[in-house]
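Thank you all for making the time this morning. I would like to walk you slowly through one structure, and I will ask you to keep the picture in view while I talk.

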Amino acid sequence: MARSRSSSTVWRYINPAYYLKRPKRLALLFIVFVFATFFFWDRQTLLRDHEEEISKLNEEVIHLRNLLEELKNGGDMSVEKKKYSGEGGQAVKNMDSPDNILDAQRREKVKDAMLHAWSSYEKYAWGHDELQPQTKNGVDSFGGLGATLIDSLDTLYIMGLDEQFQRARKWVANSLDFNKNYDASVFETTIRVVGGLLSTYDLSGDKLFLDKAQDIADRLLPAWNTESGIPYNIINLVHGNPHNPGWTGGDSILADSGTEQLEFIALSQRTGDRKYQQKVENVILELNRTFPDDGLLPIYINPHKGTTSYSTITFGAMGDSFYEYLLKVWIQGNRTAAVSHYRKMWETSMKGLVSLVRRTTPSSFAYLGEKMGSSINDKMDELACFAPGMLALGSSGYSPDEAQKFLSLAEELAWTCYNFYQSTPTKLAGENYFFNDGQDMSVGTSWNILRPETVESLFYLWRLTGNKTYQEWGWNIFQAFEKNSRVESGYVGLKDKTWCS
């Protein structure tokens, strides 16, 4: 009997006569039908569009891989006639246009410079941290971790130097050993070794590099075991005993403590182990707890209390990359709410940066002064020449008016940094500069140790503005290095005011 009633009920709801007698229910049924149809049609359209987009991207990947293989095999790229649209839909010029021919010639010169430096390292200093080109000896200034080799892996891969890359990979697999009784700089080891291995893993997909990155990171982790979470800056790779250099009075250095975030967050993302990210993000949370209104921090921090000590405020040595990493972690985090505090801290610090901007007489070169207490020191390190690129990169996060203001400041500072180079007989910059009324700029510490900051900023500005002037300035600096620093067995720095090697 129950089964009969159930069957009768079901038949009633599928019988058209039931709804014809009940117009409200018929209307509701019709609405449901229409919405279901639209939903199904929308899902199908999205799926079709998605498939078309994936197909186009796959075609583009295949095309770009073919171009890369052509470059690696030494093919003539000038015959490539295809065009493809870049961001904004603007078509790229034919590969045989005069500009692209010149770019290709310059690219080969840069590749030749890399090969010259690498082959010299491979011949005279294989497996050591650095090559001394004049004596043709290898030195282990980073504890014998093969710093030059590891730091060059991604460049070898990108340039298509496959034979050199495979020999370097073999050394990493068979000879790279982190079990060394060596007091390592946490900062230097992170940016060169952890970063070098991770970038190579991202490019190659070879898990060897990820495993090695995790090994060295695990040896660095005890440095963060302090009351405040601010790390010690030196640690023994075997015993895990962390400490700070004696010359800081026991304090940690701002840049050394705030320049591991990119690498350790990336390591957590790739391994699925959050411990690396937690350690380095706790540093930023601790600093943010008492972050000053102008966002400018002195270069010394007490690792026990997390408080800053009375010391220099600078965008040069020992302060620089802390500010750079605030911005780049925000970008690395895809500008999401989870990393919004990094952007907020960075924008606060940029207000402080603006307060340090001064201009010379008579030429009105913009520069970044250094601050001690309430006094401004009219000195700028070449290291601070990362700031134009940072400002240009971060300008896109502002409103249009604010973005233009920061981009203009970036261009002003880049012009100053370029003139650090142009103001010397060799066209290579000194380590720092002083500014006095009526004198524009004068070299302070006059050696050049092949720093990359200015060229990096010029690269950002060229990419972001499309202004080829920045590309030309970068080329001029490269030529100056080729003329004055290139020797038979690599590249050397220049010393003292006579500008001799």
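I will go through a sheet, two pairs of helices and a disulfide, in that order.

Before the details, please keep in mind that what you see is a predicted model.

Let us begin with the sheet, which is an open one formed by 3 strands in the order β3-β4-β5, with antiparallel pairing. Its edge strands are β3, residues 183-185, and β5, residues 242-243, each of which pairs on one side only. If you look at β3 together with β4, which covers residues 234-236, you will find that the two are joined in the antiparallel sense over 3 bridges, and that S185 has I234 in β4 as its bridge partner. Helix α7, residues 186-204, packs on this sheet, where it touches both β3 and β4, and its direction makes about 65° with that of β3.

Now to the helix pairs, and to a general point: two packed helices are described by the angle between their axes and the distance between those axes.

Take helix α4, residues 98-124, and helix α5, residues 147-158, which pack at an angle of about 145° with their axes 12 Å apart, and whose crossing is left-handed. On the α4 side the contact is made by M114, W118 and Y121, while α5 contributes T148, L149, S152, T155 and L156. Sorted by character, the residues of this contact between α4 and α5 comprise 5 nonpolar, 3 polar and no charged.

The second pair is helix α15, residues 400-422, with helix α16, residues 453-465, and here the axes come within 10 Å and cross at roughly 140°, which makes α15 oblique to α16. The crossing of α15 and α16 is left-handed. From α15, the residues L407, A410, E411, A414, C417, Y418 and Y421 meet T454, L458, L461 and T465 of α16, and the residues of this contact divide into 8 nonpolar, 2 polar and 1 charged.

One of those α15 residues, C417, brings me to my last topic. How many disulfides does a search of the whole structure find? The search finds 1, formed by C385 and C417, with their sulfur atoms 2.1 Å apart. The link of C385 and C417 is left-handed, with -95° about the S-S bond. Because C385 lies in the loop between β12 (379-381) and α14 (387-394), whereas C417 belongs to helix α15, the pair ties together parts that are 32 residues apart in sequence.

Technical notes:
Residues are numbered from 1 along each chain as its sequence is written. This is a predicted model: local features need pLDDT of at least 70, side-chain atom pairs count only at pLDDT 80 or more; totals for chains, interfaces and linings use all residues. Side-chain values use heavy atoms; hydrogens and water are left out. Two strands pair if DSSP finds at least two bridges between them. Helices (H or I, at least four residues) and strands (E, at least two) are DSSP runs, numbered from the N terminus. Contact means heavy atoms within 4.5 Å. Axes are lines fitted to C-alpha atoms, for helices over the stretch in contact, and angles run from 0 to 180 degrees between N-to-C directions. Angles under 35 degrees count as roughly parallel, over 145 as roughly antiparallel, 65 to 115 as roughly perpendicular and the rest as oblique. A crossing is left-handed if the near helix is turned anticlockwise from the far one by less than a right angle, and right-handed if clockwise. Ala, Val, Leu, Ile, Met, Phe, Trp, Tyr, Cys and Pro count as nonpolar, Asp, Glu, Lys and Arg as charged, and the others, Gly among them, as polar. A disulfide is a pair of cysteine sulfur atoms within 2.5 Å.
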